[in-house]
Amino acid sequence: MEHYVVPLDQLRMDDVGRVGGKNASLGEMLSQLGRLGVRVPGGFATTAAAYREFLEHEDLAARIDRELSGLDVEDVSALATCGARIREWIMATPLPPAFRQAVEQAWAAMAAEHDGELSVAVRSSATAEDLPEASFAGQQETFLNVSSLPDLLDKLHRVFASLYTDRAISYRVHHGFDHKDVALSVGVQHMVRSDLGASGVMFTLDTESGFRGVVFITAAWGLGETVVQGAVNPDEYYVWKEGLRREVSCPIIRRTLGSKKIRMVYAEGGDERVRTEDVPEADQLRFSLSDEDVATLARYALVVEEHYGRPMDIEWGKDGRDGQLYLLQARPETVQSRTGSSMQRFNLKNRSRVLTAGRSIGHRIGSGRARIVRDPSQMERVQPGDVLVADMTDPDWEPVMKRAAAIVTDRGGRTCHAAIIARELGIPAVVGCGDATRAITDGTQVTVSCAEGDEGFIYEGLLDFEEQEIRLEGLPPAPVKMMMNIGNPDRAFDFAAIPNDGVGLARLEFIVNRMIGIHPRAILEFDQLRTDEREVIRQQIAGFSDPVEFFVTKLAEGIACIAAAVAPKPVIVRLSDFKSNEYANLIGGKLYEPHEENPMLGFRGASRYVSEDFRPCFELECRALRRVREEMGLDNVEVMVPFVRTVAEARAVSELLAENGLRRGENGLRLIMMCELPGNALLARDFLEYFDGMSIGSNDLTQLTLGLDRDSGLIADLFDERDPAVQALMTMAIRACREAGKYIGICGQGPSDHPDLAAWLVDQGIDSLSLNPDTVVETWLMLAKMHEQGAQASPAEG
């Protein structure tokens, strides 16, 4: 019997040649990881030998070989004709009697284990499948809720035929696999009743950046096919691996609510075994997993990754009857794990009208003529360099997807088919737009940008953009610590690949603006707002019942993503520094903000924090920072106070932070102040009594020293951080910090714009330069070269 059929729990990874990568991996998990608490449903696999024996019937293998010889897979029409003919031959060829009998016996044994109530998933497992250098995911058919022997035999036959779908033939040709070298095993696995629960996909790295410090999980209601196919926009979660290992109380560092409009469930009667249905609105507006479930899945993912010793792509399901979580498949992640020693950066030079937006896949930019394809029969309309626009894609589309300059879909999340293929092809994709096929006009020129963070944009027209390659390895030692300024948490994992000594400036106001969008007083006074104002906020906080918890959670998550990206290196988080006009632009902001003629010099920074009106809002920021440091375990976060006008204000804000659980020195907390007013430098020694160091804010320091408005075009030419007066104040601050043995850095724009200023600051003895990420490597190399030249010149001068 084992010549044809093998129980999954008797398989190991060295059985790939016998049952393919997918089934060998299932056997490995069942036999090796069960004792570690990982649940995997059982079943059996047919062997590659059984498949090859089947092909010997009626000279089938030779007929297939002749049919494929000379086929041009770029000719979509010829490919379709060839594939259909081969599949017809396979379906017309009967299964060998001995093979059929072995399958019947395995089915009977499996049914006995489940008291006759048996439903299985029938999936392919190619013998070249799921090797580290290739991904055959989705190439062959999958059938769900198969519950009878005749149905199983029919589906097994269909899986054999699916080795010769158009997409599978094309994929093998493009990846250099000889058709004769690929055989097929069929996995028959007990179904988890996730139709009554939830399911999804998870990766043991960030799929966009390749950052390996997190587990990325997607989840939606019902069977997982909707997530894999991209038919649904799922919930998304990031879990910090080190937090899991340290067993912190909250290792989840980000949650994003998906729309989850449909779900796949079992069909009652009829030929169709599954069907899709609408998800009730209440379920669309809540997360499909509890925090406990998310953490459990992430722990499973860590166990799998550590066992296999490489990043993994894992499908999972939650059984709605027993409430347990199960792993259904695991295979090596095949795109980001191959990243090399350099990274590419894309930047738009200009912008135009945004036609639509969705989830960005990758960080590239592409442009071309939009080609809206509503079904596979229209695929031939896509020409090389076009932008493919569709409701969603599936593996049938792959022969033409490689022609596209970019892909845009109405539906799908970051683990959907379109996203997987776009990563593999190295082209930008924006998925889950909702209205792309309506908002974009067929035949018009568009630019697809995935270079602006988590959200991708489709712009009208062909826009100019630049591409930069950044070398990541072999940098010479720098004479100073090189840190980064990061405002956008969406880009943090991507920026983590740049050589760095931490984050010298993380802006809280960027997180509030991008991830929250609501004035904190409107959050605190939610019950006192008008009905229409409350409804706007309810829509913004979907997934949360409490506005305050939404604000604190989202702020903590934004901080945590930046902190986890570079941990254990320090991350200096600047408390919110909105001006009154900027706060007014938040939802509800106009109800609370004063009108000021010059907000730059008005109600901002430390003055806000200590005021009676704003103090409750400031306390929300403190709660978020404590959650990150204490509950999430990211104690590399340090706190920086902006725009401190007087020494009395410094003392007051330091005491206020301590009252809110952020006391200097406790749990290693450092409290830094921005040095951005002339008085900060002039009285640096006095200010340093209340702080553990300073970070020079060269933008405000320059405008306040020179008495100019940096936003005024009339005097913009006078704005220069290298002015002698500004440099004199910087020197005073640096000396005071060094004399006190305290930290001194700079996080302003100046060193990013002026390499000579960066060199001057190093000569003055500054501890660190915090630069825009795109200038870190360039400035690093420049300073290292100057330092080396100086070291070589010194002996001669002596």
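**Reading contacts, a sheet and a surface patch**

The backbone oxygen of R255 lies 2.5 Å from a polar atom of the K554 side chain. This is a predicted model, and the dialogue starts from that pair.

Trainee: Which other side chain makes a polar contact with the side chain of K554?

Mentor: The partner is the side chain of E557, at 3.2 Å. K554 itself has its place in helix 19, residues 547-566.

Trainee: Is K554 buried or exposed?

Mentor: Buried means under 20% relative accessible area. K554 has a relative accessible area of 10%, and therefore counts as buried.

Trainee: How should the open sheet be read, and what is its strand order?

Mentor: One reads the order across the sheet, then the sense of pairing. Here 6 strands run in the order 9-8-7-6-12-13, with antiparallel pairing. Strand 9 (252-256) and strand 13 (325-332) are the edge strands, as each pairs on one side only. From one strand to the next, the twist averages 20°.

Trainee: How many bridges join strand 6 and strand 7?

Mentor: Strand 6 (residues 198-203) pairs with strand 7 (residues 214-221) over 4 bridges, in the antiparallel sense. Opposite F203 stands F216 in strand 7.

Trainee: Which residues form the nonpolar patch on the surface?

Mentor: The patch consists of L682, L683 and M732, which together have about 260 Å² of accessible area. Of these, L682 lies in helix 24 (residues 678-682).

Trainee: Why does L682 count as exposed?

Mentor: The term exposed applies over 50% relative accessible area. L682 counts as exposed because its relative accessibility is 52%.

Key
Residues are numbered from 1 along each chain as its sequence is written. This is a predicted model: local features need pLDDT of at least 70, side-chain atom pairs count only at pLDDT 80 or more; totals for chains, interfaces and linings use all residues. Side-chain values use heavy atoms; hydrogens and water are left out. Patches are made of residues with over 30% relative accessible area and no salt bridge: like charges are joined within 9 Å, nonpolar side chains (Val, Leu, Ile, Met, Phe, Trp, Tyr) within 5 Å. Accessible areas come from the Shrake-Rupley method with a 1.4 Å probe; for residues, only the protein chains shown count as cover. A salt bridge is a side-chain nitrogen of Lys or Arg within 4 Å of a carboxyl oxygen of Asp or Glu. Helices (H or I, at least four residues) and strands (E, at least two) are DSSP runs, numbered from the N terminus. Buried means under 20% relative accessible area, exposed over 50%, partly exposed in between (1.4 Å probe, protein chains only). Two strands pair if DSSP finds at least two bridges between them. Axes are lines fitted to C-alpha atoms, for helices over the stretch in contact, and angles run from 0 to 180 degrees between N-to-C directions. A polar contact is a pair of N or O atoms within 3.5 Å; within protein, one must be able to donate a hydrogen and the other to accept it, and residues adjacent in sequence count only if both atoms are side-chain atoms.
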